[in-house]
Amino acid sequence: MFNDVAQPWQLGFQDSAAPTYTGIVELHNTIFFYLIIICIAVFWVFGSIVFTFNAEKSPFVHKYMNHGTILETVWTILPALLLIAIAFPSFRLLYLMDEVISPAITIKVVGNQWYWSVEYSDYTIDNDNSIDFDAYLIPESDLELGQFRLLDVDNRITIPVNCHVRVIVTASDVLHSFAVPSLGIKLDACPGRLNQASFIAERIGTFYGSD
């Protein structure tokens with residue numbers, strides 16, 4: 001069983017279904033590790049200062065005793081090195097997410113108020129018309145057992161597994177956001193503008209998105 005939808009009181013992420021999302025989670029865990037080290041070091045320094053340099057233990061203040069050029073140099077350089085260590089994997093992930101490599105299929109998604117319009121531009125049916133349909137949210141009164149409120153739609157987008165898929169997103173009226181967390185996709189749908197992203201679905205499943 002994979003966690004492909006948000007759960008009540010969920011603390012972690014959804015299970016990954018694409019390399020992009022795996023990279024996002026790994027980057028989050030790496031930065032969170034650095035954050036824990038920084039918090040421990042800062043609170044230890046604060047505690048040492050409060051415990052050592054209080055009015056009882058250090059009634060007299062001497063500038064050469066409580067201040068040091070070496071210490072100030074260290075706590076200026078260390079954060080800069082830490083930001084560099086975070087920047088390199090961040091830039092690498094951003095580059096991989098933005099790169100579109102010979103997509104096997106292109107899907108155009110148009111955001112409308114309360115529904116999405118989907119078009120498979122690479123495939124045609126009778127009279128050379130492209131395959132297109134609208135995806136509406138299923139009303140709460142029509143939900144069946146196992147379906148999710150505000151997530152399930154009447155027509156789902158079907159994509160192949162282990163293939164490069166390109167998504168082109170735009171909007172016809174107002175701003176929308178096309179997001180599928182398990183695939184690591186989140187694109188702004190802006191009227192008059194085309195935004196694109198690519199992904200590879202590594203496994204079979206039903207991946208729920210949001211607007």
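This report describes a predicted model of one protein chain, from its overall form to its helices, strands and selected residues.

Because the model is predicted, local features need pLDDT of at least 70 and side-chain atom pairs count only at pLDDT 80 or more, while totals for chains, interfaces and linings use all residues. Residues are numbered from 1 along each chain as its sequence is written, and side-chain values use heavy atoms, with hydrogens and water left out.

## Overall form

The protein chain has three helices and seven strands. Here helices (H or I, at least four residues) and strands (E, at least two) are DSSP runs, numbered from the N terminus. Starting at the N terminus, the order of the elements is α-α-α-β-β-β-β-β-β-β. The radius of gyration is 25 Å, well over the 17 Å that the globule rule gives for 211 residues, so the chain is more spread out than a compact globule. That radius is taken over C-alpha atoms, and the globule rule is 2.2 Å times the number of residues to the power 0.38. Along the principal axes, the C-alpha atoms fill a box of roughly 90 × 40 × 35 Å.

Of the 211 residues, 27% count as buried. Buried means under 20% relative accessible area, exposed means over 50%, and partly exposed lies in between (1.4 Å probe, protein chains only). The chain exposes about 15000 Å², and carbon and sulfur atoms supply 64% of this area. Accessible areas come from the Shrake-Rupley method with a 1.4 Å probe; for residues, only the protein chains shown count as cover. Among contacts (heavy atoms within 4.5 Å) with a separation of 6 or more, 55% join residues 24 or more positions apart.

## Confidence

The average pLDDT, which is the predictor's confidence in each residue from 0 to 100, is 86 for the chain, and 93% of the residues score at least 70. Among the elements, helix α2 (residues 63–66) has the lowest mean pLDDT, 59, and β4 has the highest, 93. Where pLDDT is low, the predicted coordinates should not be read in detail.

## The helices α1 and α3

Helix α1 (19–52) has 34 residues that should span 50 Å at 1.5 Å a residue, and its end C-alpha atoms are 50 Å apart, which agrees. Helix α3 (residues 69–98) has 30 residues and reaches 43 Å from its first C-alpha to its last, close to the 44 Å expected. The expected span of a helix is 1.5 Å times one less than its number of residues.

The buried residues of α1 pack against α3; in α1, T20, Y21, G23, V25 and L27 are buried. In turn, the buried residues of α3 pack against α1, and in α3 these are I86, S90 and L93. F32 also lies in α1, and at 44% relative accessibility F32 counts as partly exposed. F32 and D128 are 96 residues apart in sequence and 51 Å apart in space, C-alpha to C-alpha.

## Strand β1 and its partners

Seven of the eight residues of strand β1 (residues 105–112) are buried, so β1 is largely enclosed by the rest of the structure. Two strands pair if DSSP finds at least two bridges between them. The pairings of β1 are set out below.

| Partner of β1 | Sense | Bridges |
|---|---|---|
| β4 (residues 164–171) | parallel | seven bridges |
| β2 (residues 115–124) | antiparallel | six bridges |

In the pairing with β4, T106 stands opposite R166. In the pairing with β2, N112 stands opposite Y115. The hairpin of β1 and β2 has two residues between the strands, and W114 takes a positive phi near 80° there.

## Residues outside the helices and strands

I159 lies in the loop between β3 (130–136) and β4. At 23% relative accessibility, I159 counts as partly exposed. Leaving aside neighbours within four places in sequence, I159 is in contact with I107, V165, L183, F199 and A201. I159 and L137 are 22 residues apart in sequence and 19 Å apart in space, C-alpha to C-alpha.

N162 is placed in the loop between β3 and β4. N162 has a positive phi of about 60° although it is not a glycine, and at 57% relative accessibility N162 counts as exposed. W9 is in the segment before α1. Phi of W9 is near 60°, a positive value in a residue other than glycine, and W9 is exposed, with a relative accessible area of 85%.
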